[in-house]
Amino acid sequence: MKKFKKLILISQLLVLLAVIIVVVISRSNSSKKVYRSKAAEPSITPTYPMTSPPGTELTFFPGDGYQFSPPEYNILIFTRQKGHEVVIKATQDGSDPTTSPTAVKQECSQYLTTCALRITLTNSATVKAVAEIDGVKKPMASVSYGKLPEVVNVVADPVFVQPSGTEFYSGLSVGVKSTTTLVTFKYTFDGSDPDTNPLAISEFSATGNLVINISETSTIAIRAYRQNMEKSNLITASFHKTVNDNNLGGGGGTLTGQIRQQPTNQMVAAGKTATFTVVVTENSETPITYIWERQDPNKTEKHKVFEETTNNFFSSYTTPLLTITNDNGVHYEVFVKGSSFMNGGVRSLQGQLIVSTGSQFSPPTFNPPSGTKFGTSQTVTIIPPENGAVIYYTTDGTTPFWGSPVYTTPFKVYQSTIVRAISQKEGVSQSTEATAIYDNGISTGLHTEKPDAPLFQPSHGTQFTDSLTVTIYTPASEMEIYYILKKASDPPSAATIPNNQSIKYTTPLVLNETSNITAVVYDRVNNKYSNYSQVNYYQRTGNFCSSPLFSPLSGTEFANSLTVHITTTTQNASIRYTNDGSEPNVNSMLYSGPLTLNTKTTLKAKCFRADLTPSQAETATYLKGRLPQVTITDPPNNSSRNLPVQIVAAVSSQVAKVELYNMYGYVGDFIKQTDTRYTYNFNNNTIYSMGLKAKAINGNGISNFSHSINILVTGGGSSSSSSSSSSSRAASSSSSSSRASSSSSSSSTGLCLKKSQGDANCDDIID
């Protein structure tokens with residue numbers, strides 16, 4: 001009985017063991033199936049016809065004869081052979097893939113359902129491929145692909161509103177249109193190609209519309225340009241000035257009345273007003289009636305909004321407060337009638353009104369973010385705030401504007417770089433600037449960017465009768481300005497860019513004829529030039545009100561308040577101005593005495609007199625609470641000095657203190673000598689002297705760095721001079737390794753870790 005019970009127990013244990021084994025094997029197989037189902041295998045969803053040559057076991061996607069658009073296209077060659085070892089070889093030059101050294105191949109294991117090879121085509125090609133399955137070579141397959149011609153993106157040719165041959169009596173506003181937006185027009189008045197004429201005029205238009213005012217017989221030659229597009233063809237048209245003093249029908253006056261300046265397009269924020277202005281020739285007989293009309297979008301009818309009869313040779317219409325719903329996209333024009341105008345009157349061109357949201361457009365963003373450190377190179381992507389935005393950017397430290405490079409694709413930087421960018425969308429105000437810094441830990445280029453380009457007063461395009469005084473200036477007072485002046489009477493010459501061998505600007509220039517000025521700012525300390533600025537000034541016959549002049553100049557910075565004077569050389573004229581950025585007109589504020597500014601302000605001013613054509617608007621911006629300006633004036637950059645060495649810093653205005661830094665961090669405080677001069681003395685050369693820069697801090701705690709300089713300390717001072725000098729030279733060649741080892745080597749070199757000791761390798765690191 002006991003033996004029987006024992007046998008039953010053993011048999012039960014065996015059955016239980018068998019069940020456990022079955023469960024384990026089942027789970028193992030299930031796990032293998034799940035693993036295989038998750039294996040990464042190519043998924044092919046054909047959207048174009050495929051080609052599968054019989055017997056080759058290969059399929060081409062897309063198929064034979066497919067044509068692709070430039071610049072390149074990827075094709076796929078694949079076979080479905082699960083459970084077999086597969087090798088695919090292919091060429092795209094028509095050669096045999098089994099023997100050609102240019103063949104590419106793909107090897108696949110038996111566990112993959114699909115084996116695929118990708119080839120990138122850059123030109124029309126005959127692709128030959130062969131598959132080997134478990135070592136057995138299959139027949140060769142051959143297909144052909146074609147590359148379509150490149151489509152050249154060309155700016156639309158400008159079109160003149162008035163036909164060539166149009167006659168006028170005193171002045172004429174010539175309308176020009178291009179269907180391409182965001183273009184720069186370049187044109188001349190003598191029929192010469194603006195590409196080769198250094199006196200050609202450049203004007204940007206967001207809408208593609210332009211108005212050119214002429215007062216003499218002219219042949220206008222014009223091209224349109226846009227970044228990353230081919231320029232337009234050269235288009236010319238001639239306009240002839242004639243005289244007609246005949247009274248038609250025995251009544252009225254002489255038929256000399258013409259519109260001299262057309263209403264222009266306006267881009268204004270919602271909640272503001274817009275002002276449209278028309279100017280007629282000054283020999284029109286008065287009184288003159290101006291009838292302003294409005295035309296809403298997608299409508300043909302027009303309705304009168306304002307009418308006046310006056311002895312003035314100009315008229316302005318100011319809209320009510322604007323809304324996007326009611327006013328965006330409307331057009332305004334004016335009908336002018338009087339005894340001097342033919343056919344009962346003349347009608348102006350239309351000026352379009354674009355109403356924005358009233359807030360600035362969002363700035364772009366960067367990937368990777370600002371502050372990213374890298375080794376050899378870094379790819380930078382600039383991300384627009386929304387579709388349709390255009391991004392303008394710089395990598396040389398200068399301020400971006402509409403003439404800067406247009407961002408299209410990610411780019412690489414290879415040294416420490418400041419990337420500055422703005423975004424712009426048609427109908428929306430320009431964004432604020434976004435900045436990103438990328439640091440490779442070696443280059444000191446972050447603080448040695450180009451200076452800003454020079455500024456001119458009065459602005460580009462100013463017209464004058466007898467003479468004109470021109471001031472060239474830069475907010476950085478320690479910089480130098482060089483220029484090239486070309487007068488209309490000078491013999492033709494190739495366009496050149498000024499340098500420090502050109503004429504140095506020291507006093508305002510007095511012009512007595514049509515002239516072109518090109519100027520640059522030169523930073524002598526760092527041997528760097530700004531981008532160049534170019535302006536044209538035109539001497540015209542006729543009676544013009546002289547452009548207003550601002551004193552002090554635009555760009556002046558102030559701490560508490562500033563007094564601004566506006567003057568004109570025209571006697572008995574009035575100056576009208578605005579402080580909200582809008583265009584001045586006869587209803588704007590009348591200038592009667594110096595203006596006191598307490599905040600950042602942009603002033604626009606025009607000169608008016610009843611018997612003269614109004615001047616163009618002049619603009620000046622004054623800045624409050626800007627960064628203090630500081631410059632190391634001695635020793636020069638890349639110079640060699642014996643100990644002791646004195647570093648001299650100059651500030652443009654009174655500051656609380658000036659500190660000295662090198663490329664590793666804080667060194668010490670300068671000693672104040674005068675309100676604008678500070679000094680720092682090196683007494684030993686354990687202080688690292690590469691990437692030295694001064695930091696000025698004003699009473700509000702706002703600070704700003706100077707450009708950096710490098711100096712080589714060659715001897716003198718403490719007994720450790722020679723060893724320290726050699727270590728300094730070694731550090732300049734490999735700053736990153738010097739930083740990495742600073743803490744471990746501090747005991748042997750005598751370096752400190754406290755900011756107060758002015759040590760070059762302290763923990764206070766500047767990014």
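Ile 10, Leu 14 and Leu 17 together make a nonpolar surface patch of about 280 Å² in this model, which is predicted. Beyond the patch, the points below take up a three-stranded open sheet with antiparallel pairing and the surroundings of Thr 514, a residue in the loop between strand E38 and strand E39.

**Nonpolar patch**
- Leu 17, one of the residues that make the patch, has its place in helix H1, which covers residues 2-37.
- With a relative accessible area of 46%, Leu 17 is classed as partly exposed, because that class lies between the limits of under 20% for buried and over 50% for exposed.

**Open sheet**
- The sheet is built from 3 strands in the order E42-E44-E47, and their pairing is antiparallel.
- Strand E42 (549-551) and strand E47 (595-597) stand at the edges, where each has a single partner strand, so one side of each is left without a neighbour in the sheet.
- Neighbouring strands of this sheet are turned against each other by 30° on average, with direction ignored.
- Strand E44, residues 562-567, is joined to E47 by 3 bridges, and these two strands run antiparallel; Val 564 stands opposite Leu 595 in E47.

**Thr 514 and its contact**
- Thr 514 sits in the loop that lies between strand E38 (509-511) and strand E39 (515-523).
- The relative accessibility of Thr 514 is 19%, so this residue counts as buried, the limit being under 20%.
- A polar atom of the Thr 514 side chain lies 3.0 Å from the backbone nitrogen of Gln 539.

Note on methods: Residues are numbered from 1 along each chain as its sequence is written. This is a predicted model: local features need pLDDT of at least 70, side-chain atom pairs count only at pLDDT 80 or more; totals for chains, interfaces and linings use all residues. Side-chain values use heavy atoms; hydrogens and water are left out. Patches are made of residues with over 30% relative accessible area and no salt bridge: like charges are joined within 9 Å, nonpolar side chains (Val, Leu, Ile, Met, Phe, Trp, Tyr) within 5 Å. Accessible areas come from the Shrake-Rupley method with a 1.4 Å probe; for residues, only the protein chains shown count as cover. A salt bridge is a side-chain nitrogen of Lys or Arg within 4 Å of a carboxyl oxygen of Asp or Glu. Helices (H or I, at least four residues) and strands (E, at least two) are DSSP runs, numbered from the N terminus. Buried means under 20% relative accessible area, exposed over 50%, partly exposed in between (1.4 Å probe, protein chains only). Two strands pair if DSSP finds at least two bridges between them. Axes are lines fitted to C-alpha atoms, for helices over the stretch in contact, and angles run from 0 to 180 degrees between N-to-C directions. A polar contact is a pair of N or O atoms within 3.5 Å; within protein, one must be able to donate a hydrogen and the other to accept it, and residues adjacent in sequence count only if both atoms are side-chain atoms.
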